Amino acid sequence: MAYLTDYHIHTTFSDGKAEPEDYIPAARAMGISEIGFSEHLTLTDEEQGWSINPDRLPEYFNRIQSLAVKTHDPVIRIGIEADYLPGKVDEILEYLNKYPFDYVIGSVHYMGTETVDLGREFYTGKDMRRIFSEYFDLVAEAASTGLFDIMAHPDLIRIFGHRFPGNPEHLYRRLARNLKASDVAFEINTNGMNKPLGEFYPDSRFLNIFAEEGVPLCINSDAHMPSRLAQHFDAAYALAAAAGFRETAVFKGRERFMIPIYE
Ligand SMILES: [Zn+2]
Ligand SMILES: [Zn+2]
């Protein structure tokens, strides 16, 4: 294994359970070369408990930057996981432009005013064919805004184990093509294993589609505590290689570089 990265990590600045510094020993123990922090930034009208308060962004930035200056194993990157809210693109852009992030992860947790990942209630009485299709379209739309470098958990709509009736392959194909056209990477997010879904995002049956369409890949844990850093990475890297991926994406100063998965 050449160079492992984990770019999707939460700390107490948003809804993580640990301080940024606490992830360093875990990264060393797991043999991770590069980690990146990605707090939630959710610019809804009402403040959300899981999101960093935008007023704390300078403090977040200073804290991670000073950690990066004194830590070289692992290399530290600074990112953010920004919610895609269709009516707030300008406002999101304003915050993203204010700080020199290494990368920005875009997330679709919201469909309208409802969240898809906070409770099963969202799914009650809904037509799965329709919401799956709409969810994938929102991820593609988010990618097309140019706000984001990586799209998080591309089929988060599976979090509670709901399924698209029939074969959803066309949804993955369309999304992969859209991500490629927008030049945005996607992630294998291993945190789905800790959810009722019990699998990675995206559905590994369709990973080959992202490889075929040439969508850049990141493998991330979405850890909210150090014990989950790089969780299930052996399996995720093996799946990626089997699907045809030869490289993963690394980021610095919002520039993307591709590095081989295996030496
Ligand atoms: Zn997320
Ligand atoms: Zn996350």
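**A zinc site and a central strand**

Good morning. The protein donors of the zinc ion (ligand 2) are His-8 (NE2), His-10 (NE2), Glu-81 (OE) and Asp-222 (OD), lying 2.0 to 2.3 Å from the ion. Please keep in mind that this is a predicted model.

Along the chain, these donors follow the spacing H-x1-H-x70-E-x140-D. Two of them link distant parts of the chain: His-10 sits in the loop between strand E1 (5-6) and helix H1 (23-30), while Asp-222 sits in the loop between strand E9 (217-220) and helix H7 (233-243), 212 residues apart. His-10 is buried, with a relative accessible area of 0%. Asp-222 also counts as buried, at 7% relative accessibility.

What is the geometry of the site of the zinc ion (ligand 2)? The site is irregular, with angles of 80 to 164 degrees among the four donor atoms. Glu-81 has a further part to report, as this residue bridges the zinc ion (ligand 2) and the zinc ion (ligand 1), which lie 3.5 Å apart.

I turn now to strand E8. Five of the five residues of E8 (residues 185-189) are buried, so the strand is largely enclosed by the rest of the structure. One face carries Ala-185, Glu-187 and Asn-189, and the other carries Phe-186 and Ile-188.

Strand E7 (residues 150-151) runs parallel to E8 and is joined to it by two bridges, with Met-151 opposite Phe-186. From E7 the chain passes through helix H5 (residues 169-182) to E8 in a right-handed β-α-β crossover.

E8 also pairs with E9, in the parallel sense, over four bridges. Here Asn-189 stands opposite Asn-220 in E9. The chain crosses from E8 to E9 through helix H6 (residues 207-212), and this β-α-β crossover is right-handed. Thank you.

Conventions
Residues are numbered from 1 along each chain as its sequence is written. Chains are lettered from A and ligands numbered from 1 in the order in which they are written. This is a predicted model: local features need pLDDT of at least 70, side-chain atom pairs count only at pLDDT 80 or more; totals for chains, interfaces and linings use all residues. Side-chain values use heavy atoms; hydrogens and water are left out. Donors are N, O and S atoms within 2.8 Å of the metal (3.2 Å for Na, K and Ca); water is not among the atoms, so sites may look incomplete. Four donors count as tetrahedral if all angles lie between 85 and 135 degrees; four count as square planar and six as octahedral if opposite donors are over 155 degrees apart and all others between 65 and 115; anything else is irregular. Buried means under 20% relative accessible area, exposed over 50%, partly exposed in between (1.4 Å probe, protein chains only). Two strands pair if DSSP finds at least two bridges between them. A crossover is right-handed if, with the strands pointing away from the viewer, the path from the first strand over the helix to the second runs clockwise.
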